[in-house]
Protein chains: 2
Amino acid sequence: MLTVITYDVNTEDADGRRRLRKVAKHCVNYGQRVQNSVFECDADAATMARIRNDLIKLIDQDRDSLRFYYLGNSYRTKIEHIGAKPSYDPEGFLSL
Amino acid sequence: MLTVITYDVNTEDADGRRRLRKVAKHCVNYGQRVQNSVFECDADAATMARIRNDLIKLIDQDRDSLRFYYLGNSYRTKIEHIGAKPSYDPEGFLSL
């Protein structure tokens with residue numbers, strides 16, 4: 001199951017910059033960065049729920065936001081990349 | 001039909017910053033900004049194809065990238081927002 005994770009973290013202060021680093025690092029641990037603040041994660045529902053809850057704990061819900069797009073299993077026809085750094089096939093990556 | 005548009009534009013020079021403004025402006029004309037570089041666009045396939053081609057002309061494909069996630073019509077259960085500035089229902093917006 002592929003989930004697209006996008007986030008906006010308020011980096012006006014040092015705490016925000018720290019939150020941003022933690023969110024990005026957590027996403028990199030479980031997914032593939034396809035754009036600056038866009039990650040794709042190929043994981044089963046239970047693992048994805050855990051990743052989601054971890055990320056929610058890392059952000060300040062009053063200042064930051066997370067968006068999850070659940071694309072399911074037949075996602076290849078749903079994604080199109082144009083331009084620099086085309087992504088690879090997530091399943092060439094370690095699936096969880 | 002809902003399409004998520006995300007983009008990364010290289011803003012190291014003035015030309016890049018101009019491209020970024022144009023891409024964002026074009027997305028705002030047709031969709032709803034839900035995060036800094038994430039837009040959601042509720043449009044039929046023909047209109048979406050036109051928007052896509054317009055955006056491709058605006059970027060430098062060697063330095064920038066666009067990603068399109070085609071979520072189809074039954075998208076509400078596929079999207080989750082956590083935190084600041086929750087998005088509204090795209091169909092509360094002008095559908096094209």
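## Surface and burial

Accessible areas here come from the Shrake-Rupley method with a 1.4 Å probe. On that basis, chain A of this predicted model exposes about 4,800 Å². Carbon and sulfur atoms supply 51% of that exposed area.

What about the residues tucked away inside? Chain A has 96 residues, and 49% of them count as buried; here, buried means under 20% relative accessible area.

## How chain A is put together

If you walk along the sequence of chain A, you meet the pattern β-α-β-β-α-β-β. That comes to 2 helices and 5 strands.

Now look at which parts of the chain touch. Take the contacts in chain A with a separation of 6 or more: 66% of them are between residues 24 or more positions apart.

## A look at helix α2

Helix α2 of chain A covers residues 45-58, which makes 14 residues. Here's a quick check you can follow: at 1.5 Å a residue, the helix should span 20 Å, and its end C-alpha atoms are 20 Å apart, so the two agree. Right at the start of α2(A), a side-chain oxygen of A:Asp44 reaches to within 3.0 Å of the backbone nitrogen of A:Ala46.

Which residues of α2(A) are buried? They are A:Thr47, A:Met48, A:Ile51, A:Leu55 and A:Ile56. Within chain A, these buried residues pack against β1 (2-8), α1 (14-30), β3 (38-42) and β4 (65-72). They also pack against β5 (79-83), but that one belongs to chain B.

## Two copies, one axis

In general, two copies of a chain are related by a rotation about an axis and a shift along it. For this pair, a turn of 180° and a shift of 0.0 Å along the axis lay chain A on chain B with an RMSD of 0.0 Å. The two copies are therefore related as by a two-fold rotation axis. In chain A, the C-alpha nearest that axis belongs to A:Leu71, 3.7 Å from it.

## Where the chains meet

How many residues of chain A are in contact with chain B? There are 33, and they are in contact with 33 residues of chain B. Of the interface residues of chain A, 100% are also interface residues in chain B, so the copies meet through the same surface.

Between them, chain A and chain B bury an area of about 2,800 Å², and carbon and sulfur atoms give 47% of it. On the chain A side, A:Arg67, A:Glu80 and A:Ile82 supply 26% of the area that chain A buries against chain B, more than any other three residues.

Conventions. Residues are numbered from 1 along each chain as its sequence is written. Chains are lettered from A and ligands numbered from 1 in the order in which they are written. This is a predicted model: local features need pLDDT of at least 70, side-chain atom pairs count only at pLDDT 80 or more; totals for chains, interfaces and linings use all residues. Side-chain values use heavy atoms; hydrogens and water are left out. Helices (H or I, at least four residues) and strands (E, at least two) are DSSP runs, numbered from the N terminus. Buried means under 20% relative accessible area, exposed over 50%, partly exposed in between (1.4 Å probe, protein chains only). Contact means heavy atoms within 4.5 Å. The expected span of a helix is 1.5 Å times one less than its number of residues. A polar contact is a pair of N or O atoms within 3.5 Å; within protein, one must be able to donate a hydrogen and the other to accept it, and residues adjacent in sequence count only if both atoms are side-chain atoms. Copies are superposed by least squares on the C-alpha atoms of residues with pLDDT of at least 70 in both. Buried area is the accessible area (1.4 Å probe) that two parts lose on being put together, summed over both.
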